[in-house]
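Notebook open, coffee poured. I want to look up confidence, one strand and the aromatic rings, in that order.

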Amino acid sequence: MKLHYFILLYLATSSLSYFAQSKNDGFSIELIHRDSPKSPFYNPALNQRQLMYNALQHSINRASFLWSKLSTSIIPDIHGVYLTKISIGTKPSAKLVAVDTGSDLIWIQCEPCVHCYEQRTPIFNPQNSSTYRPISCNSTQCMSLPGGSCYTRKNTCLYSARYNDESYSYGDLASETFTFDDATNISRPIRLSMSNITFGCGWMNDITTLDVEPAGIIGLGASPYSLVSQIKSKFGHKFSYCLVPFFQLNVSSRLNFGENEALISSTKHMVTTPLFLKPPKVYYFLKLLGITIGNTTIQFHNTSKKVHKGGKIAIDSGTTFTFLPTHMYSEMETIMKREIKSKPLRSNTTRFLQLCYQGLRASDIPPVIFEFQNAKLELEALNNFVNIGNDVICLAFAPAKHLPIFGNIAQTNFFVAYDLDNKTVSFKPQICAKL
């Protein structure tokens, strides 16, 4: 599902206020995995294999979307792997929204709805908020808006978002106060209010799916209209997260803005690698030099088997599995079969993942090191293999048809920190459930 969106989130300096004392060095919010028992989308009828199959299909679809967006303005999807709660306006009520490093769009469903899809929380009504401000047609924001239009009768700016499966979002470009629950101190949460956040207030939305969807999306991409860019004057152009493993989804993950130094005791064992951006500056890329499995190193190369001195791989929180260039994946699978003494299951037994074992233990799995530019990142067994149910353990990698992606299974139990000013990403081993 490809979303051609036309929205520019104006970078007016966002002013912030606090309902209670809070440090200016950063704040944290709760991230809820879509399949967590804490999520309203949790389906207890789905077994582990069905969940992992759905995650793989979503990852394959998303990989195609990310590839297509490199040359066009496309948002992969609204469904979202990770969700968070936000409140909007002067009479705030909690909304569940998708959070995504693979997009920079912020939009929320709004009343009065001409047509809206079903969501679990009340739809935001801007008429009930004294801080809601529509953006005028003759403003810099609107005149700079690619594909924007003007509602001349009210002199208000309109945005349009359209998916290739005929889904769409359409409405007013506006600014509003967004409120987050700062979860830096779990025992004493603080409500943090941010005014003048520019967003799309969608009153005509149709998402072609049978699922009930989040109220909207919060983008964390690198372009100037993402949330992380809109609040950088207060907290700096930095964010980080710590994602819990799939088997611990009863515990929430954490998304942090700014330094928030209290979350890490030291930088010991932290590695840092350069961050690369490609137009339209939404996705984040790292330079992958090679992968070492046991004592064997696979150098980065593309599908023509031509070896390069490294190549770009997207790092994305919304893609579950990691995708490698086809020949690199093939070499990885061959080396894993050689290193692991157990006999792999036949591929028709597991159907959707290519290398699986029955009852594989962590001690059976060889060390795996991703060598990025200036950083060697050693992955744990839980980053390399995933339990798909009935004690069947499968390699959490897949061949990429187009774009290599470092997915969220590979990132679990790491503190992953983005510094957008210095253009770096840092990794530190961390038991995320204990943060």
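Below are my entries, roughly in the order I made them.

**Confidence**

I started with how far to trust the coordinates, since this is a predicted model. Mean pLDDT for the protein comes out at 82, with 79% of residues at 70 or more. I then went looking for the weak stretches. Residues 1–23 stay under 50 in pLDDT, yet the model gives them 107 contacts beyond four places in sequence. Residues 71–78 are also below 50, and that stretch has 42 contacts in the model beyond near neighbours in sequence. Where pLDDT is low, the predicted coordinates should not be read in detail. I'm leaving the contacts of both stretches alone for now.

**Strand E11**

Next I pulled up E11, residues 168–182. How many of its residues are buried? I get 13 of 15, so I'm noting E11 as mostly covered. I looked for its partners too. E5 (residues 82–88) pairs with E11 in the antiparallel sense, over two bridges. On that side, Ile-88 has Phe-178 of E11 as its bridge partner. E8, which spans residues 133–134, is joined to E11 by two bridges, and these strands run antiparallel. There, Arg-133 is bridged to Ser-175 in E11.

**Aromatic rings**

I counted aromatic pairs and got 19 in the structure. I picked out Phe-370 and Phe-372, a tilted pair with centres 6.0 Å apart and 40° between the planes. Tilted is the right label because 40° falls between the cut-offs of 30 degrees for stacked and 60 for edge-to-face. Are these two rings buried or exposed? Phe-370 is buried at 0% relative accessible area, and Phe-372 is buried at 1%.

Phe-414 with Phe-427 was my next stop: edge-to-face, 6.4 Å centre to centre, 85° between the planes. Phe-414 sits in strand E29 (residues 414–419) and Phe-427 in strand E30 (residues 424–429), so this pair ties together parts 13 residues apart in sequence. Both rings are under cover as well: Phe-414 is buried at 2% relative accessible area, and Phe-427 is buried at 1%.

I then asked which residues cluster with these rings. Phe-370, Phe-372, Phe-397, Phe-406, Phe-414 and Phe-427 form one aromatic cluster, which takes in the tilted pair and the edge-to-face pair.

**Charges over rings**

Last lookup of the day. The charged end of Arg-34 sits over the Phe-41 ring, 4.4 Å from its centre. Lys-312 has its charged end over the ring of Phe-276, 4.5 Å from the centre.

Technical notes
Residues numbered from 1 in each chain as written. Predicted model: local features only at pLDDT ≥ 70, side-chain atom pairs only at ≥ 80, totals over all residues. Heavy atoms only, no water. Phe/Tyr/Trp six-rings, centres within 6.5 Å; stacked < 30°, edge-to-face > 60°. Buried < 20%, exposed > 50% of the residue type's maximum accessible area, 1.4 Å probe, protein only. Helix = DSSP H or I, 4+ residues; strand = E, 2+ residues; numbered from the N terminus. Lys NZ or Arg CZ within 6 Å of the ring centre and 35° of its normal. pLDDT = per-residue confidence, 0-100. Contact = heavy atoms within 4.5 Å. Pairing = 2+ DSSP bridges.
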